[in-house]
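Reader: I should be grateful for a close look at a single part of this model, followed outward to whatever adjoins it. Please set the account out as one connected answer.

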Amino acid sequence: MIEAFIFIIAYLLGSIPSGLIVGKVGYGIDIREHGSGNLGGTNTFRTLGVKAGLIVTIADILKGTLAASLPLIFGNNELNPLIVGIFAVIGHTYPIFAKFKGGKAVATSGGLLLFVEPIMFLTMLAAFFLVLFLSKYVSLSSMLAGVYGIIYSLFTGNIGLIIVISLLTGFVIYRHRANIKRIIDKTEPKVKWL
């Protein structure tokens, strides 16, 4: 029973629509009606600016971190934090509090890795910014950071980590399929501050 409770809490944590809350409370704007219509950090940056974008991105990361830490908080050593964190990613992507239309799973996926493998998270973050600096595409940076994460995980020898990071990366790429098409067509927006 406690396991089911932890999974539900993780999903509900992930479902907290940071972008919607920040947009409505701080700016009186529903970001789903602007830009890409996405609730994640990237659309928040584009729609509301750097301050709001940072708040939403950090909040979305911490949702994954807190969810992954739930087994520790509840003293359950049998549950793998990676599996619990996945429920937060599902919540972030399909949030019950925002009509099941959420973000693209990048920040919250990173958040669970921050708890489980902090060095891996930091190096993935570095890979993200390196690709962003070179390409100016947030979407491409997110996908390639995930690919880097898979490569990194292979050297850990942790089969669970390899499987989870591969699944998450595949999901992130799937969620970015429209972005991939726009990159190919050269219509994908580039960041202007880097």
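**A residue of helix α4 and its surroundings**

Author: Thr65 counts as buried, because its relative accessibility is 16% and the cut-off for a buried residue is under 20%. The model is a predicted one, and every value given here is computed from it. Thr65 is found in helix α4, and that helix is the thread of this account.

What does Thr65 contact, leaving aside its neighbours within four places in sequence? The partners of Thr65 are Gly111, Leu112, Leu114 and Phe115. A further relation concerns Leu82, which is 17 residues from Thr65 along the chain; the C-alpha atoms of Thr65 and Leu82 are separated by 10.0 Å.

Helix α4 also meets helix α1. In general, two packed helices are described by the angle between their axes and the distance between the axes. Helix α1 covers residues 2-15 and helix α4 covers residues 50-68; their axes come within 9 Å and cross at roughly 170°. An angle over 145 degrees counts as roughly antiparallel, and α1 is therefore roughly antiparallel to α4. On the α1 side the contact is made by Ala10, Leu13 and Gly14, and on the α4 side by Lys63, Leu66 and Ala67. Sorted by class, this contact of α1 with α4 has four nonpolar residues, one polar residue and one charged residue.

Helix α1 also holds Ile9. Is Ile9 buried, partly exposed or exposed? Ile9 is partly exposed, because its relative accessible area is 25%, between the limits of 20% and 50%. In sequence Ile9 and Gly91 are 82 residues apart, and in space their C-alpha atoms are 9.9 Å apart.

The next topic is enclosed space. A search of the whole structure finds one cavity of 30 Å³ or more. The largest cavity has a volume of about 50 Å³. Its lining is formed by 13 residues, and those that lie nearest the centre of the cavity are Ile16, Pro17, Leu39, Lys63 and His92. Lys63 also takes part in the contact of α4 with α1. Which elements give two or more residues to the lining of the largest cavity? They are α1, α2 (18-27) and α4. By class, the cavity lining divides into four nonpolar, seven polar and two charged residues.

Helix α4 contributes to an open space as well. The largest pocket has a volume of about 1,100 Å³. Of the 48 residues that line this pocket, Thr42, Val106, Phe128, Val138 and Ser142 are the closest to its centre. The elements that give two or more residues to the pocket lining are α3 (41-48), α4, α7 (106-116), α8 (118-135), α9 (138-154), α10 (159-175) and α11 (177-185). The lining of the largest pocket has 23 nonpolar, 18 polar and seven charged residues. Helix α4 is thus listed both for the largest cavity and for the largest pocket.

Three lysines outside the helices complete the picture. Lys99 is found in the loop between α6 (81-93) and α7. Phi of Lys99 is near 55°, a positive value in a residue other than glycine. Lys99 is exposed, because its relative accessible area is 71% and the cut-off for an exposed residue is over 50%.

The segment after α11 holds Lys186. Although Lys186 is not a glycine, its phi is positive, at about 60°. Lys186 counts as exposed, with 72% relative accessibility.

Lys192 is found in the segment after α11 too. At 82% relative accessibility, Lys192 counts as exposed. Along the chain, Lys192 and Arg46 are 146 residues apart, and their C-alpha atoms are separated by 9.8 Å.

To return to the starting point, Thr65 is a buried residue of helix α4, and helix α4 lies roughly antiparallel to α1.

Note on methods:
Residues numbered from 1 in each chain as written. Predicted model: local features only at pLDDT ≥ 70, side-chain atom pairs only at ≥ 80, totals over all residues. Heavy atoms only, no water. Axes fitted to C-alpha atoms, helices over the stretch in contact; angles between N-to-C directions. Helix = DSSP H or I, 4+ residues; strand = E, 2+ residues; numbered from the N terminus. Parallel < 35°, antiparallel > 145°, perpendicular 65-115°, else oblique. Contact = heavy atoms within 4.5 Å. Nonpolar A, V, L, I, M, F, W, Y, C, P; charged D, E, K, R; others polar. 1 Å grid on protein atoms, 1.4 Å probe; cavity = no way out; pocket = protein on both sides within 12 Å on 5 of 7 lines; lining within 4 Å. Points joined across faces, edges and corners; volume = space filled by probe spheres on them. Buried < 20%, exposed > 50% of the residue type's maximum accessible area, 1.4 Å probe, protein only.
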